[in-house]
Structure formats: structure tokens, C-alpha cells
Amino acid sequence: MQQLSLPLIPTSVSEADNALTCASFSHGGVCPEDERLALEARYAGLLEETGEFNRRLVSYQGNKGEIVHGWIRYKEGFSAQLVETLIRKMGIRPGDTILEPFSGSATTLLIAKALGINAVGIEILPVCHLAWEAKSRLADYRISELDDLLRVIAETEPDPHWMSEPFPHLVITRSAFPAEVEHDLMFYTRWLDRLDTSAATKMLCRLALTSILEEISYTRKDGQYLRWDYRADKVQERNDMRASQGKKSIKKMDKGPLPTVKAALVRALGVIVEDIKKLQLLPLRESVQQLIPGSALEVLPVLEADQFHGVITSPPYCNRYDYTRTYALELAYLGVGEAEVRALRQSQLSCTVENRSKVDALKKHYGALGRPEAFEQIRCVVDENPVLAEINHALAMRWERGEINNRGVLSMVKGYFTELTFVFAELYRVCRSGAQVAFVNDNVRYGGEVIPVDLLSTDLAERLGFEPVQVYVLPQRKGNSSQQMGRFGRESLRKSITVWRKP
């Protein structure tokens, strides 16, 4: 593995470039920021704002209403159009193979399938694997069977006297549904399982039911947690307790009338069937796609070297969002228990304050693979990075000043970039010469300290051997949390697509 020495190259920044760069990283000049300023100067020439990319394109919003891609609401995904654009810009052709180490709802794999491009994805969440299995088997569905199924569902009312088994709740999901909704959900779940239909159709029904869970519940996905409707038992109990203590009630959310399970299921499945009818008329090129279950940190090191023509990915952001909480309803419905959820939470990239260090586990993993030297080389790149050292020091200072509300932020940031460095090193190893890596991410801010995720990632990738190509900056900047703005004012943050090449 090549480790580069990166001297600071003085850069003349024009007025246009200056709008893209950050003039200050530490609010009030409280903490050292020289390394971050030097990083910004060194890579300023790579920053390019372009209307070719926008926030809709790099988010799930771009998949709303899209055939197949809108079957399940995966808020952390990016759009099919973004993948198509990047494949074109990277020169990836039919017969080539691309990698998506954080596959989410498998948008990259689906676009690859449509274009005749081979693809390998890695994903840790079971709900995403269900989505891929259902979406990837378009040719297996029998239209006549699906039409008959829709008719039977429309004619079937849930039996109120049926003794349904309870929803397999996690602690966090209890009271998520009105009692009658939970009863009907489990009725349709078991009733559809017992129908005389093909295995592919049963799986499609399970995806449709999974896709409506949020819609029929008292919950709403909202950033790093689930928001709850005031009618949920847990909200009412909490407010009763607060009232008894003389405290104000928790701010209420009202989702309005919830649809019935039958109405939501018929609508969701109807959309899916219409999409399948359209897509079965289109020719598909021969290609192979595979979605591997597990963490990218564990899977990437065992993949064959020098095989991929490109990488398109967007990892979990360093923003405290816990996917195991956001998708708790879906995980519970698919039978993932409390212990498995805790294991998933620790296995995902360190993006929450609860994540513990994975360094010892990574050392053991690389040792078992007979690659202990690779582990030491990668860790050295992290430990000796001056920009990351400055960020870690600045966050520690802010914690001591009482300006960060959770000490876990410090370990999260350190763990996040440590783990990403291992991912970058493995991407370098498994890519062919000339392959490009497109990496979507947000810059973040904690305690008044700006963390330039895009350029720090580029710096780490270059020290591992990649050549920086471009950093596309979206015209719309990212804002800050209300707590950050209230204490430190507003700071416009970049949302970027970084592109690197393996020489």
C-alpha cells in the first residue's frame, strides 16, 4: 500500500472558489484550525459547483414516483438518476463490474441491472435485502397471479374474530399501531403467507406490507429518531408522568387519520404490479448482480483484488443518525430481535454516539485473514493524519468547555474516520487500475467546529494511493441544527460528491 507525503501547495483562490471554501472552521477562533485551513487551500482547485447535481438527486426524493425505486421508502438512499449520471461520467460500460459497499435499497444494483453492468453490493440491514430480492426478480413474477391476488385482497376483509399473533415488537416500537391496525396487519401477514401463490409473489407481498408500516403507524421517520403521534400509548403515558411532575407535555405530532391496512396494502401492491407490467415489456441485458449481507468493514477485506471498474457509494453520514432506530418498525416486522438490533447497531459504521471502537475487532479480522501488516499500515494513515488530529483535539476542547452535549460525539467522529479509512484502503485494493470512486457525503459541525468530511476523506484516500479527480459541490448548502445555530450562529456546509481514481 502506498502512503503519500502531501506537502502543502499554496493555492490562489478566486472569488468564485472562495464561495465554495470555508474561511473559518472554529467558531470564535477558539480551537486550532491551521490544518483544516491548509487542507482547504490544498484542494480548493478540485471544488466545482455544478447544477448537474442537486439535493434531490443525492437523496431519496429523486426516487419518489420512480418505477421500482419507489417501492419502499428508504430515506437515506440516493436517486437512480444520480447513479446513471455517475456511470456515464465514469465511463462504465456493459460488461464492466461496479461496487456499492453501502447499498441501502440497492439503487446502484438496479441501475446496473438495467444497463447490463455487473454489480456487487454490501448491506447490513435486513429490510434492504428484502427490497433487493423483490426488486431484482422482475422477470419471475406472473402477471395473472398478481392480478388475481389484487382482486382477492380487495374482496377480503380482515376477520375481527381471528386471534392474531401479536406484532413482534421491540421495546422502541411498542404502541406504534392502534390495536385494530396491528390486528389487521398481522391478519394480512399470515393470510397472505397461507395463500396458494408462488414464493416470488409471497415475497412481494411481504415487501408491500413492510413498505406501509410507517404509513399505518403512529410514527414518522425524522432524522435520527422516530417521531410519535400524540395518540400513541407511550406518548400519553409519558405526558401523564410529566404532568404529575409539573412539567410541560412533550410537543405533540398529529398524523391525522391513519389509512386502514387493507387500503394501504392495495394501493402499495397496485403500484408495484403496474410497475412490473411495464418493466416486463422491456428487454434486459445479460448481467449479474449480488448483494452480500454484512458490514463493509468485514466483507471488503475478503473480496478478490483488482476486480471492480468503479465504485458509487454514499456511506452513513457522521450525523448521529441510528438506522436501527429509524427502521425499527421494519426490523421488528421482519423478526429482528433486541439482541440482533444491538449487534446491528454496533456493526454499522460508527455514526452514532453509542458506537464503540471497532479497532480491536478489525485487528483480529485482518489477523485471521493473514494480513496484519495491512491493518497496521491503514491504522498508521489514520493515527498520523494531522487534520483528523486537529479535529479530535478541537472536539475535546469543546467538550471541556461544555459546548458538546454528549461525549460520545468525540468517539463517534474518531471512529467514523478510522473506519472509513479502512473502507478506502480496501476499495483501493479491490479496484482495477483506472477505476474511479464516487463518494457522496455531507460536511458536519459539532460544538462550533466544522468537519470538512469531503476534503478530509479525499486526503485520507490520497494517502492510501488514490488520485483526487474532482469534488462536485451541490449548489444548495447544508444547514445546521437549531442548537448549533442558537449557540454558534449559522454556518453553510458543503454537500459534495468526491471522485478519486486508482492510478
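Good morning. I begin with a definition: a residue counts as buried under 20% relative accessible area, as exposed over 50%, and as partly exposed in between. By that rule, aspartate 193 is partly exposed, because its relative accessibility is 33%. Please bear in mind throughout that the structure before you is a predicted model.

Let me stay with aspartate 193 and turn to its partner. The side chain of aspartate 193 forms a salt bridge with that of arginine 206, at 3.4 Å from N to O. Aspartate 193 belongs to helix α7 and arginine 206 to helix α8, so that the bridge links distant parts of the chain, 13 residues apart. As a general matter, side chains of opposite charge can pair when their charged atoms come close.

Helix α7 takes part in another such pair. Arginine 190 forms a salt bridge with glutamate 165, and their closest N and O atoms are 2.8 Å apart. Here arginine 190 is the member in helix α7, while glutamate 165 sits in the loop between α6 and α7, 25 residues away. Glutamate 165 is partly exposed, because its relative accessibility is 36%.

How many salt bridges does a search of the whole structure find? The number is 37. I shall single out one further pair, glutamate 426 with arginine 371, whose side chains meet at 3.1 Å, N to O. Glutamate 426 lies in helix α18 and arginine 371 in the loop between α15 and α16, so this bridge ties together parts 55 residues apart in sequence. Are these two partners buried or exposed? Glutamate 426 is buried, because its relative accessibility is 1%. Arginine 371, at 19%, also counts as buried. In addition, salt bridges with shared partners join Arg36, Glu390, Arg398, Arg401, Glu403 and Glu449 into one network.

I now move to the packing of helices. Helix α8, residues 199–211, packs against helix α10, residues 261–279, at an angle of about 130°, and their axes are 9 Å apart. That angle is why α8 is described as oblique to α10. The crossing of the two helices is right-handed. Which residues make the contact? From α8 come Leu204, Cys205, Ala208, Leu209 and Ser211, and from α10 come Leu265, Ala268, Leu269, Ile272 and Ile276. Of these, nine are nonpolar, one is polar and none is charged. It helps to recall that an α-helix has 3.6 residues a turn, so residues three or four places apart point the same way.

Next, helix α3, which spans residues 80–90. Its buried residues are Ala80, Leu82, Val83, Thr85, Leu86, Ile87 and Met90. What covers them includes the strands β2, β7, β8 and β12, together with helix α4. Just after α3, glycine 91 adopts a positive phi of about 70°.

Strand β8 brings me to my last residue, glutamine 436, which lies in that strand. Glutamine 436 is buried, because its relative accessible area is 15%. Which residues does glutamine 436 touch, leaving aside those up to four places away in sequence? They are Met90, His309, Gly310, Val311, Val469, Val499, Trp500 and Arg501. Met90 is one of the buried residues of α3 mentioned a moment ago. As for arginine 501, its C-alpha atom is separated from that of glutamine 436 by 4.3 Å, although the two residues are 65 apart along the chain.

Thank you for your attention.

How values were computed:
Residues are numbered from 1 along each chain as its sequence is written. This is a predicted model: local features need pLDDT of at least 70, side-chain atom pairs count only at pLDDT 80 or more; totals for chains, interfaces and linings use all residues. Side-chain values use heavy atoms; hydrogens and water are left out. Axes are lines fitted to C-alpha atoms, for helices over the stretch in contact, and angles run from 0 to 180 degrees between N-to-C directions. Helices (H or I, at least four residues) and strands (E, at least two) are DSSP runs, numbered from the N terminus. Angles under 35 degrees count as roughly parallel, over 145 as roughly antiparallel, 65 to 115 as roughly perpendicular and the rest as oblique. A crossing is left-handed if the near helix is turned anticlockwise from the far one by less than a right angle, and right-handed if clockwise. Contact means heavy atoms within 4.5 Å. Ala, Val, Leu, Ile, Met, Phe, Trp, Tyr, Cys and Pro count as nonpolar, Asp, Glu, Lys and Arg as charged, and the others, Gly among them, as polar. Buried means under 20% relative accessible area, exposed over 50%, partly exposed in between (1.4 Å probe, protein chains only). A salt bridge is a side-chain nitrogen of Lys or Arg within 4 Å of a carboxyl oxygen of Asp or Glu.
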